[in-house]
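Good morning, colleagues. I should like to take a few minutes to go through one model, beginning with a strand and then turning to the pockets.

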Amino acid sequence: MKTIIEPFRVKVVEPIKMTTRAEREKYLQEAAYNLFLLRAENVIIDLLTDSGTAAMSAAQWSASIRGDESYAGSPSFYRFEETVRDIFGFKHVVPAHQGRAAERILFSTMCRRGSVVPNNTHFDTTRANIEYLGAEAVDLPVPEFYQPAVIHPFKGNMDAQALIDLIERVGADRIPLVMLTVTNNSGGGQPVSMANIREVKSICARYWLPLYLDACRFAENACFIKLREPGYANQSVKEIAREMFSHADGCTMSAKKDGLANIGGFLCTNDDQLAQQEKDLLILTEGFPTYGGLAGRDLEAIAVGLEEVLHEDYLQYRFASIRYLGEHIASAGVPIVQPPGGHAIYIDAHAMLPHIPLNQYPGQALAIELYREAGIRSCEIGSVMHAEKDPVTGEEIPAPMELVRLAIPHRVYTQSHIDYVIEAILDVYERRDSIPGVRIVSQPKFLRHFTARFEPIEFVGGPGVSEGLTAEVVLPDGRADATREVLLS
Ligand SMILES: *Cc1c(COP(=O)(O)O)cnc(C)c1O
């Protein structure tokens with residue numbers, strides 16, 4: 001059989017509300033052009049994230065009914081703990097309400113002002129939690145990572161020599177831990193090879209540094225190792241996952257990703273003293289260590305989800321469906337991060353919209369246009385999310401890549417939904433020259449992409465103004481903004 005079908009049937013359905021372009025224009029204005037501020041019912045296909053959006057299985061729902069809601073010592077916790085130990089292999093398992101809570105607890109116990117945390121690439125909440133403590137988050141991906149069109153089987157790898165150089169430069173005593181994010185979410189959902197995990201571990205061992213995995217998409221990463229790394233073809237994904245964790249001293253996990261649950265997370269460690277400190281802090285903000293901010297039914301759903309996500313038919317189907325989307329738009333000329341990742345397709349918005357300067361956020365502009373065109377919600381992973389400022393001048397530093405992520409929720413959309421997405425992207429691609437940039441009207445101090453307000457920048461003369469001309473920026477209400485001139489190129 002050539003066609004890889006969805007290895008599940010639909011048991012419960014959720015209707016999708018259809019909207020018109022005029023309605024979507026109004027919704028966009030009401031949401032200040034920030035797709036996080038839309039009402040989800042006004043979205044036709046929601047590819048904002050694969051986080052917490054999975055359709056739970058019948059087995060997960062029935063386990064949820066079994067959930068025991070005892071405050072302390074619930075059997076649901078022990079089932080959860082046993083499953084996590086079986087797959088992840090760490091000594092201590094600390095539940096938390098989601099990944100960022102696990103991150104906050106880990107970094108609060110391990111980092112202080114002036115600490116430096118290396119990672120292949122920090123996810124946005126990871127970076128924010130480190131910076132909030134006055135520590136520094138340093139990204140050390142391999143050089144191929146920043147070249148969207150370059151094909152590499154393990155583009156998520158850490159640059160091992162860059163790690164050594166960093167440790168030598170800042171000193172091992174300033175580095176409380178080294179992290180590897182599997183898969184590397186911020187730049188294409190790209191996997192990390194077992195060889196790289198081993199190499200990073202050996203460097204950590206040389207300097208007595210603990211290695212932690214940001215394990216959100218551990219099953220997808222393990223499946224890529226099986227498919228691409230010599231020597232793993234005949235091992236099960238579960239065995240590969242176990243080996244990945246065997247090289248680490250602990251992990252943080254969002255069960256909203258490869259836990260196939262709608263909420264939840266945890267952190268693990270082999271360090272007894274650290275585990276005690278983590279549990280003490282957990283009680284302060286999350287809850288008692290046998291529930292960590294979760295209901296017993298959530299712990300049950302996660303335990304079942306962690307087993308289901310390792311089913312190889314499922315992972316094979318998931319990769320095939322994501323490749324299908326990527327290959328169809330790429331073959332029509334849409335620039336994407338190659339090769340397609342494990343949970344999403346990332347469009348290279350800078351390459352697609354070269355007429356939009358980086359300080360007018362081409363990624364955000366494209367995400368807005370996909371919603372306007374077809375009610376598709378995607379997520380900017382570029383300068384809006386990156387939000388890096390020069391510490392001396394305070395000037396914004398553009399992100400190394402301007403991406404728009406189309407994340408595929410687990411077990412939610414069918415092939416015809418994806419065909420609709422492909423059509424919409426190709427229509428937008430056809431008229432890409434007419435897409436305007438955006439400016440930020442207001443923004444919070446941390447994680448600004450969630451709540452920042454935007455407005456589109458219309459340029460005088462409209463699209464197609466010849467190269468090298470400057471034009472005045474005109475606000476949507478017709479006022480000219482004399483404070484800023486844009487170079488149209
Ligand atoms: C989602 C995610 C997190 C944070 O998890 P939440 O459950 O959203 O708090 C951390 N790291 C990575 C790589 C993620 O994808």
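**A buried strand and two pockets**

In this predicted model, strand β2, residues 92–96, has 5 of its 5 residues buried, so it is largely enclosed by the rest of the structure. His92, Val94 and Ala96 point one way from β2, while Val93 and Pro95 point the other way. In a regular strand, side chains alternate between the two faces of the sheet. The partner here is strand β8, residues 265–269, which pairs with β2 in the antiparallel sense over 5 bridges. Within that pairing, Pro95 has Phe266 of β8 as its bridge partner.

Let me move to the pockets. The largest pocket holds about 1,300 Å³ of space. It is lined by 35 residues, and those closest to its centre are Val12, Glu14, Ala55, Arg411 and Val412. Two or more lining residues come from each of α2 (58–66) and α12 (312–331). By class, the lining comprises 20 nonpolar, 6 polar and 9 charged residues.

Where does the largest pocket lie with respect to domain 1 and domain 2? Domain 1 (21–50 + 312–485) and domain 2 (58–308) both contribute residues to its lining, so the largest pocket lies between them.

The second largest pocket has a volume of about 770 Å³. Of its 31 lining residues, Arg127, Met385, His386, Ala387 and Glu388 are the closest to its centre. Helix α5 gives the most to this lining, with 4 residues. The lining of the second largest pocket divides into 16 nonpolar, 7 polar and 8 charged residues, and it draws at least three residues from each of domain 1 and domain 2.

Key. Residues are numbered from 1 along each chain as its sequence is written. This is a predicted model: local features need pLDDT of at least 70, side-chain atom pairs count only at pLDDT 80 or more; totals for chains, interfaces and linings use all residues. Side-chain values use heavy atoms; hydrogens and water are left out. Buried means under 20% relative accessible area, exposed over 50%, partly exposed in between (1.4 Å probe, protein chains only). Two strands pair if DSSP finds at least two bridges between them. On a 1 Å grid over the protein atoms alone, a cavity is a set of points where a 1.4 Å probe fits but cannot get out, and a pocket is an open set with protein on both sides within 12 Å along at least five of seven lines; lining residues have an atom within 4 Å of a point. Grid points are joined across faces, edges and corners, and a volume is the space filled by probe spheres set on the points. Ala, Val, Leu, Ile, Met, Phe, Trp, Tyr, Cys and Pro count as nonpolar, Asp, Glu, Lys and Arg as charged, and the others, Gly among them, as polar. Domain bounds come from an automatic or database domain assignment.
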